[in-house]
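Q: I'd like a close look at a single part of this model, please. Could you take me through one helix and whatever it rests on?

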Amino acid sequence: MLRMPIIINLSLLMLVACSQLPIETQPDFSKLPTESPPDFNQLPAETANDFSLRFKWNTGTLPPQYTYTYTILLEPGKGSLEYQPGYGDDNSLQWSVDFALSEKQMHDLFDYLNSQDMFRSSWKKGEPMLGGSGTSLILNANGKQYTIPSISILASSEYARVDAAMEAIRALVPQTIWDEMDVRQKEYEANYKE
């Protein structure tokens, strides 16, 4: 009984802290056109020609049947999503799918990440969130690599900014792919045997 007021107070404190962070409005990357194949010979001058990224997310500590990991790879002209249910002990369940990215989508993502100061090496770390989702985000631009620590160890002043950037990356994966991944995860859960 005593824990409930503490949990509510902590939740309210986190909401207030996150709402105070200065974050620019995130563009809606999911509505950008992808119908016609773009010319990828050269990205706009404001975008690094070698801009690419690797974003990995996992559920954190959960029972094996509810655990999964996915990785999003983006580079000019294409992206892919790799999905693995469980703790990765059955490679036959790995699933990978490619999708197209327009020049404008990559440019807008680069522009957004740049405006949010994501291309840097120094990040403030806070108290680790035990059991929470684990992430890995590696950005490549202008011949340099930038590794962003897992959101589970970032300070609250950095968390919301990085979380919003990860949402922008997720939004570039077509919804049909997310729907298929969801179906695969539900099948895995239904058929899981210990």
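Which residues of α4 are buried, and what do they pack against?

A: Happy to walk through it with you. Keep in mind that this is a predicted model.

Let's start with the helix itself. Helix α4 covers residues 175-191, 17 residues in total. From first C-alpha to last it reaches 24 Å, close to the 24 Å expected at 1.5 Å a residue. Its buried residues are Ile177, Trp178, Met181, Gln185 and Tyr188. Viewed down the axis of α4, these buried residues fall within an arc of 95 degrees, so they line one face of the helix. The general rule behind such a pattern is that an α-helix has 3.6 residues a turn, so residues three or four places apart point the same way. On the face of α4 turned away from the buried side you will find the exposed residues Gln175, Thr176, Lys186, Ala190 and Asn191.

Now for the partners. The buried residues of α4 pack against strands β2 (68-75), β3 (78-85) and β4 (95-100), and against helix α3 (156-170). Helix α4 lies across β2, β3 and β4, and runs at about 10 degrees to β3.

One buried position deserves a closer look, namely Gln185. This residue of helix α4 has a relative accessible area of 4%, and under 20% counts as buried. Setting aside neighbours within four places in sequence, Gln185 is in contact with Gln65, Tyr66, Thr67, Tyr68, Tyr83 and Pro85. The C-alpha atoms of Gln185 and Gln84 are separated by 8.9 Å, though these positions lie 101 residues apart along the chain.

Tyr188, another of the buried residues of α4, leads to a loop. Pro64 sits in the loop between β1 and β2, and Pro64 touches Tyr188 as well as Gly86, Tyr87 and Tyr192, not counting residues up to four places away in sequence. Pro64 is partly exposed, with a relative accessible area of 29%. Pro64 and Lys193 are 129 residues apart in sequence, yet 9.8 Å apart in space, C-alpha to C-alpha.

Seen from the side of the strands, Leu81 is a good place to stand. Leaving aside neighbours within four places in sequence, Leu81 is in contact with Ile177, Trp178 and Met181, among others. The contacts of Leu81 also include Tyr70, Thr71 and Ile72, together with Trp95, Ser96, Val97 and Phe99. Leu81 is one of the four residues, with Leu53, Leu74 and Leu113, that touch the most other members of the largest nonpolar core, which has 40 residues. Helix α3 gives the most to this core, with 6 residues. In soluble globular proteins, nonpolar side chains tend to be buried together.

Next, the sheet beneath. Six strands form an open sheet in the order β4-β3-β2-β1-β5-β6, with antiparallel pairing. The edge strands are β4 and β6 (144-148), each of which pairs on one side only. From one strand to the next, the twist averages 10 degrees. Strands β2 and β3 pair over 8 bridges in the antiparallel sense, and Glu75 has Lys78 in β3 as its bridge partner. These two strands form a hairpin with 2 residues between them, and Gly77 in the turn has a positive phi of about 90 degrees. On to β1 (residues 52-58): 6 bridges join β1 to β2, antiparallel, and Asn58 has Thr69 in β2 as its bridge partner. A further 7 bridges join β1 to β5 (residues 134-141), again antiparallel, and Arg54 stands opposite Ile138 in β5. As for burial, 6 of the 8 residues of β2 are buried, so β2 is largely enclosed by the rest of the structure.

Finally, the neighbouring helix. The 15 residues of α3 should span 21 Å at 1.5 Å a residue, and the end C-alpha atoms are 21 Å apart, which agrees. Helix α3 lies across β1, β2, β5 and β6, running at about 105 degrees to β1. The buried residues of α3 include Glu158, Arg161, Met166 and Arg170. What covers the buried residues of α3 includes β1, β2, α2 (103-115), β5, β6 and α4.

To return to your question, α4 turns Ile177, Trp178, Met181, Gln185 and Tyr188 inward as buried residues, and these pack against β2, β3, β4 and α3.

Note on methods
Residues numbered from 1 in each chain as written. Predicted model: local features only at pLDDT ≥ 70, side-chain atom pairs only at ≥ 80, totals over all residues. Heavy atoms only, no water. Expected span 1.5 Å × (residues − 1). Buried < 20%, exposed > 50% of the residue type's maximum accessible area, 1.4 Å probe, protein only. Arc of directions from axis to C-beta. Contact = heavy atoms within 4.5 Å. Pairing = 2+ DSSP bridges. Axes fitted to C-alpha atoms, helices over the stretch in contact; angles between N-to-C directions. Core = buried A, V, L, I, M, F, W, Y, C linked by side-chain atoms within 4.5 Å.
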